[in-house]
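Q: I am new to this structure. Please pick a single part, look at it closely, and show me how it fits into the rest.

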Amino acid sequence: MMSRIFRISVVCFLVTFGISAFAQLKIAAVSATAAILGTEDGKAKQEEWQKEYKPEFDRLKALRDEINVLSDRYRTDIDIMSDNEKTALELDINSKTTRLQNGQQQLDADQASKVQLYLQEQASLFQAVMTDLIAVEGYDAIFRLDIQEPIFLHLNAKHNITAKVIEKLNERMEEGLPEELTETEDDTEAGDADDSAEGGE
């Protein structure tokens, strides 16, 4: 929603003041997801999740290997198998494939939930860092890169401040979460990171 509003604002600005005036704005772009997950704490969390889900990864890999073996057998022995053998093998392959797909979907959903929860937990800190950067750097507009509807068809890499945000997030995390952020963390909405990044507010 905010990205649409901001695009409309940009169009209105261009119509009113012209492209040359827009070119003088100090703009930047950031991936909130990459910034938060790129911190030392974010990397540690991802390693923690990998260890937590390793048994399921291994189970799905073993199931995938079984399917590959059965599929190879079906391709090589199909001409010498009876109809009953072919039917039984097909049912086995289909059954294992369904289990694999369901297991993978559940694993992906669980991982996505972990990531979303972590992003939500860090949204207040991300907002604080963005507010500091906007005040110090004097950005007129900050665009969000990790959204469903991209704003830019092309972006010069010099405008991407994700690495700078990661650095600032690491600094703030080492210092410890400010008391005012700790008090409001439970009330943080999942979309806070979106609102803080877009429009530079």
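A: What follows sets the scene, looks closely at one helix, and then turns to its surroundings.

This is a predicted model: local features need pLDDT of at least 70, side-chain atom pairs count only at pLDDT 80 or more, and totals for chains, interfaces and linings use all residues. Residues are numbered from 1 along each chain as its sequence is written, and side-chain values use heavy atoms, leaving out hydrogens and water.

Start with the whole chain. Its secondary structure comes to nine helices and two strands. Helices (H or I, at least four residues) and strands (E, at least two) are DSSP runs, numbered from the N terminus. From that end on, the order is α-α-β-α-α-α-α-β-α-α-α. The chain has 201 residues, and 31% of them count as buried. Buried means under 20% relative accessible area, exposed over 50%, and partly exposed in between, with a 1.4 Å probe and protein chains only. A contact means heavy atoms within 4.5 Å. Of the contacts in the chain with a separation of 6 or more, 83% join residues 24 or more positions apart.

Now the close look: helix α7, residues 162-175. Its 14 residues should span 20 Å at 1.5 Å a residue, and the end C-alpha atoms are 20 Å apart, which agrees. The expected span is 1.5 Å times one less than the number of residues.

Which residues of α7 are buried? They are Thr162, Val165, Ile166, Leu169, Asn170 and Arg172. These residues cover an arc of only 165° around the axis, which puts them on the same side of α7. The arc is that of the directions from the helix axis to the C-beta atoms. An α-helix has 3.6 residues a turn, so residues three or four places apart point the same way. The other side of α7 has exposed residues: Ala163, Glu174 and Glu175. After α7 comes Gly176, with a positive phi near 100°.

Charged side chains come next. A salt bridge is a side-chain nitrogen of Lys or Arg within 4 Å of a carboxyl oxygen of Asp or Glu. The structure holds 14 of them. One joins Glu171 and Lys168, at 4.0 Å from N to O. Glu171 and Lys168 are three residues apart in α7, so about one helical turn separates them. Glu171 is partly exposed, at 32% relative accessible area. Lys168 is partly exposed too, at 31%. Lys164 is linked with Lys26 and Glu137 in a network of salt bridges.

What lies across from Lys168? Asp132, found in helix α6, is 36 residues away from Lys168 in sequence and 9.3 Å away in space, C-alpha to C-alpha. Asp132 counts as partly exposed, at 40% relative accessibility.

Turn to the nonpolar core. Such a core is a set of buried Ala, Val, Leu, Ile, Met, Phe, Trp, Tyr and Cys residues joined through side-chain atoms within 4.5 Å. The largest one has 31 residues. Val30, Phe126, Met130, Ile142, Ile161, Val165 and Leu169 touch the most other members. β1 (27-30), α3, α4, α5, α6 (123-137) and α7 each supply at least two residues of this core. Ile161 touches Ala28, Ala29, Val30, Met130, Tyr139 and Ile142, not counting residues up to four places away in sequence.

Helix α4 is another supplier of this core. Its 38 residues, 40-77, reach 52 Å from first C-alpha to last, close to the 56 Å expected. α4 bends by about 55° at Tyr53, and Pro55 follows within four residues. The bend is the angle between axes fitted to the seven residues ending at a residue and the seven starting there. Among the buried residues of α4 are Trp49, Tyr53, Leu60 and Ile67. Their cover includes α3 (32-37) and α5 (83-121).

Salt bridges also link α4 and α5. Glu52 and Lys114 form one, with the closest N and O atoms 3.3 Å apart. Glu52 lies in α4 and Lys114 in α5, so the pair ties together parts 62 residues apart in sequence. Lys96 and Glu66 form another, at 3.9 Å. Lys96 lies in α5 and Glu66 in α4, so this pair ties together parts 30 residues apart in sequence. Lys96 counts as buried, at 12% relative accessibility, whereas Glu66 is partly exposed, at 38%.
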